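Okay, thanks for coming, everyone. I'd like to walk you through a structure that's new to most of us, so let's put it on the screen.

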8 protein chains.
Amino acid sequence: QRTGYPEVIYGAGKTAQQIVGIVQAMEKRQQPILVTRVDLEKSAAVQEILPELAYDQTSQTLVRTAHALPAVGNIAIVTAGTSDMRVAEEAAVTAELFGNQVTRVYDVGVAGIHRLFAKLPLIRQANVVIVIAGMEGALTSVVGGLVDRPVIAVPTSVGYGTHLNGLTPLLSMLNSCSAGISVVNIDNGFGAAYNASMINHLVKEERP
Amino acid sequence: QRTGYPEVIYGAGKTAQQIVGIVQAMEKRQQPILVTRVDLEKSAAVQEILPELAYDQTSQTLVRTAHALPAVGNIAIVTAGTSDMRVAEEAAVTAELFGNQVTRVYDVGVAGIHRLFAKLPLIRQANVVIVIAGMEGALTSVVGGLVDRPVIAVPTSVGYGTHLNGLTPLLSMLNSCSAGISVVNIDNGFGAAYNASMINHLVKEERP
Amino acid sequence: QRTGYPEVIYGAGKTAQQIVGIVQAMEKRQQPILVTRVDLEKSAAVQEILPELAYDQTSQTLVRTAHALPAVGNIAIVTAGTSDMRVAEEAAVTAELFGNQVTRVYDVGVAGIHRLFAKLPLIRQANVVIVIAGMEGALTSVVGGLVDRPVIAVPTSVGYGTHLNGLTPLLSMLNSCSAGISVVNIDNGFGAAYNASMINHLVKEERP
Amino acid sequence: QRTGYPEVIYGAGKTAQQIVGIVQAMEKRQQPILVTRVDLEKSAAVQEILPELAYDQTSQTLVRTAHALPAVGNIAIVTAGTSDMRVAEEAAVTAELFGNQVTRVYDVGVAGIHRLFAKLPLIRQANVVIVIAGMEGALTSVVGGLVDRPVIAVPTSVGYGTHLNGLTPLLSMLNSCSAGISVVNIDNGFGAAYNASMINHLVKEERP
Amino acid sequence: QRTGYPEVIYGAGKTAQQIVGIVQAMEKRQQPILVTRVDLEKSAAVQEILPELAYDQTSQTLVRTAHALPAVGNIAIVTAGTSDMRVAEEAAVTAELFGNQVTRVYDVGVAGIHRLFAKLPLIRQANVVIVIAGMEGALTSVVGGLVDRPVIAVPTSVGYGTHLNGLTPLLSMLNSCSAGISVVNIDNGFGAAYNASMINHLVKEERP
Amino acid sequence: QRTGYPEVIYGAGKTAQQIVGIVQAMEKRQQPILVTRVDLEKSAAVQEILPELAYDQTSQTLVRTAHALPAVGNIAIVTAGTSDMRVAEEAAVTAELFGNQVTRVYDVGVAGIHRLFAKLPLIRQANVVIVIAGMEGALTSVVGGLVDRPVIAVPTSVGYGTHLNGLTPLLSMLNSCSAGISVVNIDNGFGAAYNASMINHLVKEERP
Amino acid sequence: QRTGYPEVIYGAGKTAQQIVGIVQAMEKRQQPILVTRVDLEKSAAVQEILPELAYDQTSQTLVRTAHALPAVGNIAIVTAGTSDMRVAEEAAVTAELFGNQVTRVYDVGVAGIHRLFAKLPLIRQANVVIVIAGMEGALTSVVGGLVDRPVIAVPTSVGYGTHLNGLTPLLSMLNSCSAGISVVNIDNGFGAAYNASMINHLVKEERP
Amino acid sequence: QRTGYPEVIYGAGKTAQQIVGIVQAMEKRQQPILVTRVDLEKSAAVQEILPELAYDQTSQTLVRTAHALPAVGNIAIVTAGTSDMRVAEEAAVTAELFGNQVTRVYDVGVAGIHRLFAKLPLIRQANVVIVIAGMEGALTSVVGGLVDRPVIAVPTSVGYGTHLNGLTPLLSMLNSCSAGISVVNIDNGFGAAYNASMINHLVKEERP
Ligand SMILES: Nc1ncnc2c1ncn2[C@@H]1O[C@H](COP(=O)(O)O)[C@@H](O)[C@H]1O
Ligand SMILES: Nc1ncnc2c1ncn2[C@@H]1O[C@H](COP(=O)(O)O)[C@@H](O)[C@H]1O
Ligand SMILES: Nc1ncnc2c1ncn2[C@@H]1O[C@H](COP(=O)(O)O)[C@@H](O)[C@H]1O
Ligand SMILES: Nc1ncnc2c1ncn2[C@@H]1O[C@H](COP(=O)(O)O)[C@@H](O)[C@H]1O
Ligand SMILES: [Mg+2]
Ligand SMILES: [Mg+2]
Ligand SMILES: [Mg+2]
Ligand SMILES: [Mg+2]
Ligand SMILES: [Mg+2]
Ligand SMILES: [Mg+2]
Ligand SMILES: [Mg+2]
Ligand SMILES: [Mg+2]
């Protein structure tokens with residue numbers, strides 16, 4: 001791995017002890033570290049041994065920012081409701097650690113579409129747009145129709161009944177009537193940000 | 001049944017002969033007649049014996065308008081794409097025969113949202129709004145958020161792959177982030193119009 | 001928002017603190033307030049800071065009735081069994097706060113159909129009927145066939161095994177052999193009442 | 001096999017030639033013969049070689065009644081709509097060939113529940129009741145609540161959209177709020193009649 | 001209700017207090033009482049006030065046997081494994097309270113088919129056979145092929161992974177290659193026994 | 001590829017012309033050739049150009065046996081019904097071309113379990129057993145319980161309604177209460193035979 | 001629309017006449033035209049009136065290349081099998097018309113992984129990689145793990161049985177263990193190419 | 001059962017007391033004993049009475065190795081990630097107790113395919129290969145394409161969202177583009193090992 005390129009650990013289903021072990025094994029490398037899906041209790045147990053990891057409760061992440069690359073370009077993260085926040089912040093923290101500037105545009109769901117319109121100029125400055133939505137995911141199609149950039153859609157598991165734990169916005173996003181949208185797994189804020197970062201860096205760094 | 005109130009026959013899975021039989025049995029009643037889901041070939045066979053029935057190919061309906069009640073109030077029928085036309089016209093023909101004025105607002109899907117905005121004043125004049133959409137059905141939530149009237153949503157089977165023959169817009173509509181939306185079966189233009197007509201007539205006729 | 005028109009907060013997945021914050025932000029507006037999906041413990045935490053909110057355990061709602069509009073018209077809420085009560089009362093509390101008279105007709109499932117027949121005259125006085133049912137949802141079709149008013153059906157998650165957490169009555173309601181039925185999400189008492197209120201007020205107030 | 005007890009051949013997916021072969025192999029036994037799921041064309045090919053088989057187009061069956069046992073007891077077959085006829089007649093033909101009297105009560109779906117009530121005395125004379133319904137299958141629960149006999153429910157594939165080819169009435173029947181209902185596969189008129197015949201004969205013949 | 005005919009209360013989702021209330025309301029009737037789906041803790045709370053109800057932990061039932069009718073005929077209850085016991089005993093307790101003799105044949109799954117064969121003579125003495133199975137439910141077809149009596153099949157939720165909480169044995173039972181099988185909801189021991197009792201009593205009591 | 005080891009072409013979705021092209025490209029290799037899923041019409045078009053390929057209509061295969069290895073060991077192919085024949089013969093033809101002796105034991109479904117018992121000694125001589133079944137697939141568990149050899153189960157798409165095009169026997173086989181069973185895709189006779197051949201040859205040839 | 005930017009018509013479910021109408025309406029604009037999902041017969045009918053449209057049978061597209069922008073950058077299109085060709089060519093034709101250089105790497109599925117390895121240097125020259133696969137879609141994860149570029153995955157409907165018309169590779173792609181993969185609808189070659197083009201042009205043209 | 005052949009108890013859903021009872025009943029037989037799916041707490045309760053059973057926390061098994069047969073042949077167990085460890089060790093412990101040598105090749109998922117390649121020589125020494133994978137299960141196809149031995153695939157429930165608790169890798173494995181793969185239930189490490197052991201012993205012991 002290149003210097004400065006983050007190491008990522010998927011914290012769900014790992015004990016604090018296992019996480020500590022993995023982090024210690026990579027400690028000497030000159031890389032930032034990101035642990036996702038860590039709840040408050042587990043994070044405390046990890047921090048006791050590794051106080052250099054900072055915990056963020058909204059995104060449920062543990063992060064060591066040392067050696068992080070400078071932020072370039074711009075990724076917009078757009079959410080429908082406040083309950084999509086955990087996923088949105090997982091994406092935001094990831095994107096920032098991978099060296100991207102992030103524009104947060106939260107709580108602009110289509111039930112009150114004027115809020116989205118007010119933010120359009122901001123969104124349009126980004127190279128890539130991540131749209132995060134639970135419920136029926138309609139925000140994705142509206143943003144996709146208004147913005148001339150690749151949209152990475154993240155369905156969230158926020159909902160009940162026929163929401164089917166996120167299958168409904170997932171299916172909705174895959175069938176969007178707007179072109180230019182691709183989709184990642186339910187609640188996969190990390191995956192969306194990783195993808196967006198790849199595109200953003202292609203734009204910023206790799207043109208011959 | 002009251003004079004002028006239409007008799008409806010569900011034509012799918014019935015032979016031309018069976019349809020003729022049912023129509024003849026009710027012929028003496030002073031009521032308009034609507035037969036839904038009749039393809040071109042079957043309609044021709046019916047019309048040979050019952051030339052007073054008019055066939056409309058888009059909506060796949062056979063209609064006898066004699067004795068129909070005068071149209072009152074207003075129902076808006078809004079569709080996302082041109083391929084939702086068959087269902088939309090099934091709804092429109094039904095609504096008209098049940099004595100409602102119909103405003104057609106077709107092909108205003110959210111991929112080009114300005115087309116919808118241009119039509120908003122028109123839609124807002126209706127007592128009830130029927131929204132018909134295939135793909136991901138996002139139009140429903142956008143209309144629901146912009147219009148202060150009951151919205152009856154009809155998912156259509158237009159799409160492919162994960163569209164699952166209409167399950168995707170159905171699920172999307174049931175989970176809409178806009179309040180005031182209720183849903184009928186996939187492609188059920190008749191059911192939506194019947195419902196809308198009931199509401200429209202309540203408003204127009206039955207206030208004590 | 002118009003004076004007297006309620007503000008609604010979806011309480012599920014929000015902390016007591018978040019709910020308090022949102023309520024305080026809207027406190028100065030002359031509007032009633034409704035918070036749905038609040039359990040006993042969370043309600044206590046909210047009431048400590050906002051004692052003017054009344055908690056109702058059956059419907060799991062917190063309500064501030066100040067500024068509520070006077071009740072007009074009539075909405076009937078019909079349930080199949082006693083276990084559908086939480087959803088029914090969510091609908092009832094919502095309808096009342098939005099200015100509607102509510103007729104409760106509970107526990108009239110089709111296993112003992114005479115109970116339903118005894119209540120028919122009462123139900124028929126309503127402008128709109130909300131039918132709430134778990135199990136197989138058959139009550140919806142029976143009511144729809146007997147009553148000449150729009151029926152809004154709410155499937156509930158009450159059942160086991162092939163009930164699939166409410167998918168069975170949902171599918172049943174969408175395929176009803178009675179016309180005039182539209183459907184909202186599983187357990188969505190609020191949505192049904194919002195819709196019914198819209199229709200009831202159209203009838204009562206808005207005829208030109 | 002006992003003399004007079006029918007041999008049954010499932011005709012779907014077999015060629016006319018294969019059916020002829022199987023029938024000829026059992027020709028010498030003193031038993032009636034029933035071939036189910038045979039379309040008009042295939043039946044003609046079979047009858048050319050085996051003219052003693054009678055074809056019934058509604059039930060899609062080929063039958064040789066010679067040696068059939070006398071009919072005893074009574075099985076009621078109740079259907080919701082005319083489109084459930086094929087399945088109902090498959091059940092009726094089966095029940096008759098297995099030596100049962102059959103009472104047909106067709107087209108009494110719950111959208112017009114008075115038709116069912118008019119037939120209740122007739123239905124109550126049966127030892128077993130077969131209820132056949134497509135759409136949402138609500139008829140099953142209503143009959144089950146009104147009749148004190150075992151009810152065997154047959155969901156049919158008649159419907160569209162969320163009907164899911166019969167899964168909706170199947171799920172509905174399995175979750176009936178009326179006790180005393182058991183269910184067979186979608187469109188399985190034969191299976192319901194076989195079961196009902198077993199019960200009817202237990203009642204009529206086998207008490208020691 | 002006839003004297004001696006049990007009253008049944010579905011205990012799941014009811015509080016001890018609600019159960020007590022319902023039982024007290026029917027206390028004066030000369031009928032046995034059955035409460036299903038009651039766990040140990042809830043049963044203790046009920047028994048404190050109503051010590052005349054006996055609790056059985058395996059079947060999770062509370063029963064008052066006073067006024068029960070004498071047992072007639074014979075119902076066989078056959079299970080595949082020991083983990084199907086809760087459902088089997090719910091069926092057995094129900095059948096006994098409704099006045100039926102019960103033959104328990106447990107743990108005879110097809111992985112060791114000789115155990116089933118050893119019990120066949122016993123099973124064949126019953127008027128009706130209830131087969132209860134989780135896993136793939138293959139026992140149902142084997143019993144159905146060997147026994148000339150109506151078989152009521154109960155899929156159980158015992159299994160993991162693709163067992164899908166009982167959908168797998170349910171589907172398996174609905175598609176059995178043996179005739180004479182009908183199916184009730186997953187884990188519905190009560191429903192199977194109610195059905196079986198109806199058939200058993202038809203045989204024993206009602207022949208003119 | 002080793003001399004004598006067959007080349008396999010999946011014929012579904014390929015034109016006769018494409019199949020001819022692929023066969024001609026491999027014509028010079030000293031290998032037998034197997035083309036699966038070829039219907040009668042397509043086979044005729046292929047044979048016009050490549051008359052050395054023999055067509056078998058039951059298994060829907062085209063085969064060139066030249067250079068085939070001698071048959072060793074023994075694979076039993078057991079089916080529940082005659083309608084599983086196409087899949088069974090696809091497996092048999094494959095197994096034979098890959099150098100295995102095949103014992104066909106067809107039409108021994110559990111509805112008449114004595115037929116299976118009569119064939120047990122024959123089945124037990126095989127090194128591997130392929131069980132092919134539609135309907136509910138119960139045969140797999142019964143064979144698995146009686147035979148001390150690896151069983152490869154193939155669900156078939158033969159059935160209707162809740163059979164779900166083979167998903168029901170697939171799920172049933174994956175949840176078998178007998179150990180020693182593994183499963184391949186619906187209708188995948190080729191895959192089962194390829195697997196069985198691998199095992200049979202391990203036994204026969206590769207012990208050091 | 002900008003000069004040179006293609007107009008796209010979704011041809012499925014449109015008649016030749018409708019397609020002609022839409023093309024003629026946009027004929028005067030200085031833009032290339034792409035019609036997708038057009039079968040041979042329909043294309044002939046369109047070409048009779050509009051001979052300037054070129055038909056490509058593999059991709060099922062009609063194209064007017066006049067005014068197309070020059071191709072820049074590089075998009076790799078990688079497929080697992082030859083049967084994924086239709087979707088792959090829909091993607092390729094789209095990408096080319098939108099002004100991208102395309103590298104086709106076909107038939108490199110993981111059953112013979114050396115074929116993929118031989119092509120890696122070629123694939124790595126692209127700015128974006130489109131991976132198209134039916135069956136189990138494993139190719140996506142392998143490519144994603146080997147290539148440091150955004151991967152857009154397209155599941156295809158090529159398969160049978162549990163393939164579920166493409167749901168299996170879709171689910172597989174959404175759960176890929178390789179980061180950097182996003183997914184579009186089943187068979188949506190157009191959508192993947194549109195996305196890829198957007199990214200490729202961002203890289204090539206829009207860096208400030 | 002033969003001397004030395006293990007007795008297996010499925011511990012899930014059994015109390016410590018029930019497990020003790022079953023073990024004591026078989027205690028005198030000269031056979032090793034394996035109890036699967038036992039958590040730490042339950043194991044402690046069992047060991048208090050039966051200290052001769054050894055508990056292994058990773059595999060969640062209790063084992064009595066006395067009388068175990070000597071290990072022969074070789075089974076490779078290959079996993080994609082560390083979170084598949086519980087299932088892998090359930091398979092390993094089972095295989096060893098049934099008298100097989102086991103080669104563990106863990107954490108070689110396709111996201112870093114070089115790790116798998118490094119281990120290929122080791123894997124190729126086995127008679128059978130068990131591949132255990134969650135996520136999208138792509139490892140199965142890659143191993144199947146590289147190794148000329150029967151592969152038994154075990155999908156695991158490790159994942160989230162569209163992983164559907166293991167259905168995704170299950171479907172993926174059933175549709176593998178590599179031949180020679182058969183599949184067992186989700187998380188069924190025991191079943192895979194039992195199967196593999198049967199094959200391995202066929203190879204090692206039973207050639208005439
Ligand atoms: N296109 C349609 N979709 C759904 N329901 C319909 C449709 N057309 C008619 N119906 C309903 O079917 C009833 C007539 O059914 P039938 O007696 O089978 O002709 C009407 O009263 C309507 O309630
Ligand atoms: N375990 C059970 N499973 C299914 N239905 C039951 C069960 N126990 C009771 N019932 C049914 O539920 C009815 C009582 O429901 P409730 O009025 O809610 O207590 C009874 O008359 C039975 O028909
Ligand atoms: N009937 C079949 N079902 C499943 N897979 C098959 C079948 N026939 C052939 N195959 C597989 O498909 C491969 C050939 O695929 P293709 O290159 O598309 O012809 C063979 O090597 C087999 O692994
Ligand atoms: N093969 C395709 N799959 C999915 N979407 C397509 C395809 N071809 C065209 N489209 C989309 O459909 C739109 C045109 O739809 P229409 O107006 O119905 O012709 C285009 O702008 C594309 O976004
Ligand atoms: Mg866009
Ligand atoms: Mg609105
Ligand atoms: Mg009505
Ligand atoms: Mg009854
Ligand atoms: Mg039988
Ligand atoms: Mg065995
Ligand atoms: Mg990569
Ligand atoms: Mg291999």
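Before I compare any chains, one bit of vocabulary: copies are superposed by least squares on the C-alpha atoms of residues with pLDDT of at least 70 in both. And yes, pLDDT comes up because what you're looking at is a predicted model.

So, how does chain A superpose on chain C? It takes a rotation of 90° with 0.0 Å of shift along the axis, and the RMSD comes out at 0.0 Å. The two copies are thus related as by a four-fold rotation axis. If you want to find that axis on the screen, look for A:Leu164: within chain A, its C-alpha is the one nearest the axis, at 7.6 Å.

Now let's go to ligand 4. Which chains do the residues around ligand 4 come from? They come from chains A, B and G, so this is a site shared between chains. Chain A brings A:Ala179 and chain B brings B:Tyr160, while chain G's residues include G:Val8, G:Ile9, G:Lys14, G:Arg37, G:Glu90 and G:Phe190. Strand S1 of chain G, residues 7-10, gives the largest share of the shell, with 3 residues. By character, the shell splits into 6 nonpolar, 2 polar and 3 charged residues.

What about polar atoms around this ligand? On the oxygen side, a polar backbone atom of G:Tyr10 sits 2.9 Å from an oxygen of ligand 4. On the nitrogen side, G:Thr36 has a polar side-chain atom 2.7 Å from a nitrogen of the ligand, and G:Asn188 has a polar side-chain atom 3.3 Å from a nitrogen of ligand 4. How much of ligand 4 does the protein bury? On its own the ligand exposes 500 Å², and 69% of that is buried by the protein.

Last stop, the magnesium ions. Staying in chain G, ligand 11 is a magnesium ion coordinated by the O atoms of G:Gly144 and G:Val147, at 2.1 to 2.4 Å. Are those two residues buried or exposed? G:Gly144 has 11% relative accessibility, so it counts as buried, and G:Val147 counts as buried too because its value is 6%; the cut-off for buried is under 20%.

Over in chain F there's another magnesium ion, ligand 10, and its coordinating atoms are the O of F:Gly144 and the O of F:Val147, at 2.1 to 2.4 Å. Both F:Gly144 and F:Val147 are buried.

That's my tour. Over to you for questions.

Methods. Residues numbered from 1 in each chain as written. Chains lettered and ligands numbered in written order. Predicted model: local features only at pLDDT ≥ 70, side-chain atom pairs only at ≥ 80, totals over all residues. Heavy atoms only, no water. Near = heavy atom within 4 Å. Polar contact = N/O pair within 3.5 Å; in protein donor to acceptor, adjacent residues only side chain to side chain. Areas by Shrake-Rupley, 256 points an atom, 1.4 Å probe, with all protein chains shown as cover. Helix = DSSP H or I, 4+ residues; strand = E, 2+ residues; numbered from the N terminus. Nonpolar A, V, L, I, M, F, W, Y, C, P; charged D, E, K, R; others polar. Donors = N, O, S within 2.8 Å, 3.2 Å for Na, K, Ca; no water. Buried < 20%, exposed > 50% of the residue type's maximum accessible area, 1.4 Å probe, protein only.
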